[in-house]
Amino acid sequence: MPFVPALVIVDVQEDFCPPNGSLAVTDGRSIVPLLNTLLSYPFPLKIATKDFHPRNHISFASNHPPPNNKAFESVITITNPLNPGESQETRLWPVHCVKDTPGSELVPELHVDKVHEIVEKGMDQRVEMYSAFADPFKQPCVSRSGLAKMLHDKGVTDVFVAGLAADYCVRYTALDAAKEGFKTRVVEEATKAVDPASMDEVLREYAEAGVEVIGKDDASIERVRHYAYPGQV
Ligand code: VGL
Ligand code: ZN
């Protein structure tokens, strides 16, 4: 069996981290040393993603009229801009990760020099996009990031996911990676949730999708540490 592992570090951006993030995940910044350890391993492809919204993005509470516009609370229905028959319920957020603002920057202590590619997502004002692969619509999908092609082109077989947030962008990125046919693992200590109480449901979804949750010293990580890309000397 071929083994070509990729590391996907999801949304480790200022707005998702204390102390200043507008959507700070509790202890979000504390995972960075472990992410840097993972980045030091010889994954043949290391990707960092960025939530990268226009100011008028549909997920921002402030872009909706009251009373159903409370950040973290209100849920709205988004209709597929390409198909009025397809819709999706989604939670509203504070303004976050507006492109080209300090909040959208990857945190400076992350070893970005070790990252091969940065994938931006959430740029289409009309749709929410937690997954780093695509928005959630299927009939048809509205926007794709190019991540799937990047992984397939490199011959990747195994995707290791880490970053923020465990219950949103990490979750949907891992589920989509599995759907794309990659053996998918989430590194448990290398992620934090917006709402830790929701993780039971996330773990059920992972079990159903065949996504594995592993510890940082799992045998599969050990295999990456000893990895040499075919053709590499
Ligand atoms: C995320 C909420 C809104 C995430 C992105 O990166 O998990 N969460 N946008
Ligand atoms: Zn977002």
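This report covers two pockets, a zinc site and one strand residue in a predicted model.

## Largest pocket

The largest pocket holds about 330 Å³ of space. Its lining consists of 19 residues. Nearest the centre lie Q88, Y130, P136, R171 and Y172.

Two elements, β4 (83-91) and α3 (169-179), each give at least two residues to this lining. Helix α3 supplies the largest share, five residues. By class, the lining of the largest pocket has eight nonpolar and eight charged residues, with three polar ones.

## Second largest pocket

The second largest pocket has a volume of about 190 Å³. Its lining is made up of A166, V186, E188, T191, K192, A193, P196, M199, L203, Y206 and V213. The elements giving two or more of these residues are β7 (183-192) and α4 (199-209).

Strand β7 contributes the most, with four residues. In the lining of the second largest pocket, eight residues are nonpolar, one is polar and two are charged.

## Zinc site

Which protein atoms bind the zinc ion (ligand 2) as donors? They are OD of D51, NE2 of H53 and NE2 of H96. These donors lie 2.0 to 2.2 Å from the zinc ion. Along the chain, the donors follow the spacing D-x1-H-x42-H.

The zinc ion (ligand 2) has four donor atoms, and the angles among them run from 86 to 170°. The site is irregular. Tetrahedral geometry is ruled out because four donors need all angles between 85 and 135 degrees to count as such. For reference, ideal angles for four tetrahedral donors are 109.5 degrees.

Are the donor residues D51 and H53 buried or exposed? D51 has a relative accessible area of 3%, so D51 counts as buried. H53 is at 0% relative accessibility and therefore buried too.

## T191 in strand β7

T191 sits in strand β7. T191 is also one of the residues lining the second largest pocket. Its relative accessible area is 11%, so T191 is buried. The cut-off for buried is under 20%.

What does T191 touch beyond its neighbours within four places in sequence? The contacts are I31, G163, A165, A166, V170 and V186. Two of these partners, A166 and V186, also appear in the lining of the second largest pocket.

T191 can also be placed relative to D167. The two residues are 24 apart in sequence. In space, their C-alpha atoms are 9.3 Å apart.

Methods:
Residues numbered from 1 in each chain as written. Chains lettered and ligands numbered in written order. Predicted model: local features only at pLDDT ≥ 70, side-chain atom pairs only at ≥ 80, totals over all residues. Heavy atoms only, no water. 1 Å grid on protein atoms, 1.4 Å probe; cavity = no way out; pocket = protein on both sides within 12 Å on 5 of 7 lines; lining within 4 Å. Points joined across faces, edges and corners; volume = space filled by probe spheres on them. Nonpolar A, V, L, I, M, F, W, Y, C, P; charged D, E, K, R; others polar. Donors = N, O, S within 2.8 Å, 3.2 Å for Na, K, Ca; no water. Tetrahedral: all angles 85-135°; square planar, octahedral: opposite > 155°, others 65-115°. Buried < 20%, exposed > 50% of the residue type's maximum accessible area, 1.4 Å probe, protein only. Contact = heavy atoms within 4.5 Å.
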